[in-house]
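Me: I'm new to this one. Can you put it up and walk me through it?
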Amino acid sequence: MDIHHAPDTLQIRPSILYFGTPVLLITTRNPDGSANITPMSSAWALADRVTIGLAGGGQGLANLLRERECVLNLAAESMHEAVERLAPTSGRDPVPAWKQGYRHEPDKFALAGWHALPSALVAAPRIAEAPLQLEARVLQATERPLAAWHDHAGGYTTLELEVCRVHAHADIVVPGSSHIDPRRYRPLFYVFRHYCGAGAALGRTFKAEV
């Protein structure tokens, strides 16, 4: 008889649960018409909808609630150093009290060394260097008060977005189709506050079309 020996486990209470999601760079438009970039990784997609979560008090969230639109730029592995340059910055002036250690940065495109491209259906620009750029509009926003969240940040907001236009670098698209080639697309992942790549392809699901 085969006896299965399960791996030892521990009960733990991690401070965060970023168990591995793609890095999104949300571009929005500030009240003065300039662009803001919000790096984040709390997002998931289903059909043509993407749901995101943002802590309260930030400029990106304020822009989303006012303009009701944005671009979700999915970062590539090669963009991780620039993403980290943006990480300790805020588009809000003054910087929210809970963002201790952050600094105000009015021109995040320049700091990252990226280039802005016009969008087709929304006012916010796209990031040229991002291999996937999703123009989106806000369908619903729900505030989630939580006193312990980020040292009194006032909680967070979940937003359901409808993707209305997708732009992809030509070199990651299967020729003659609208399919992304997973062998060429190299997204950047955020795993327990570390940047990681996708690694080698392991196989395909029976639902795969390419």
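Me: How do strand 4 and strand 5 pair, and over how many bridges?
Reply: They pair in the antiparallel sense, over 4 bridges. Keep in mind that this is a predicted model.

Me: What do strand 4 and strand 5 form?
Reply: A hairpin, with 2 residues between the two strands. Ala47 sits in the turn and has a positive phi of about 55 degrees.

Me: Which residue stands opposite Arg49?
Reply: Leu46 does. Arg49 itself belongs to strand 5.

Me: Now pockets. What volume does the second largest pocket have?
Reply: About 780 Å³. Of its 26 lining residues, the closest to the centre are Ala45, Leu74, Leu132, Ile180 and Tyr185.

Me: Which elements give two or more residues to that lining?
Reply: Strand 4 (43–46), strand 5 (49–55), strand 6 (69–74), strand 11 (132–144) and strand 12 (156–168). The largest share comes from strand 4, with 3 residues.

Me: How do the lining residues of the second largest pocket divide into nonpolar, polar and charged?
Reply: There are 21 nonpolar residues, 1 polar and 4 charged.

Me: Switching to the open sheet of 3 strands. What order does it have?
Reply: The order is 1-13-14, and the pairing is antiparallel.

Me: Which strands stand at the edges?
Reply: Strand 1 (19–22) and strand 14 (194–196). Each has a single partner strand, so one side of each has no neighbour in the sheet. From one strand to the next, the twist averages 30 degrees.

Me: How many bridges join strand 1 to strand 13?
Reply: 3 bridges, with strand 13 covering residues 189–191. In that pair, Pro22 stands opposite Phe189 of strand 13.

Me: What holds paired strands together in general?
Reply: Strands of a sheet pair through backbone hydrogen bonds.

Me: Last topic, cysteines. How many disulfides does the count come to?
Reply: The count comes to 0 disulfides.

Me: Why is there no bond for Cys70?
Reply: The closest cysteine sulfur, in Cys164, is 8.9 Å from the sulfur of Cys70, so the two are too far apart for a bond. The cut-off for a disulfide is within 2.5 Å.

Me: Is Cys70 buried or exposed?
Reply: Cys70 is buried, at a relative accessible area of 0%. The limit for buried is under 20%.

Me: And what does Cys196 count as?
Reply: Partly exposed, because its relative accessibility is 30%. The partly exposed class lies between the buried limit and the exposed one, which is over 50%.

Notes: Residues numbered from 1 in each chain as written. Predicted model: local features only at pLDDT ≥ 70, side-chain atom pairs only at ≥ 80, totals over all residues. Heavy atoms only, no water. 1 Å grid on protein atoms, 1.4 Å probe; cavity = no way out; pocket = protein on both sides within 12 Å on 5 of 7 lines; lining within 4 Å. Points joined across faces, edges and corners; volume = space filled by probe spheres on them. Nonpolar A, V, L, I, M, F, W, Y, C, P; charged D, E, K, R; others polar. Pairing = 2+ DSSP bridges. Axes fitted to C-alpha atoms, helices over the stretch in contact; angles between N-to-C directions. Buried < 20%, exposed > 50% of the residue type's maximum accessible area, 1.4 Å probe, protein only.
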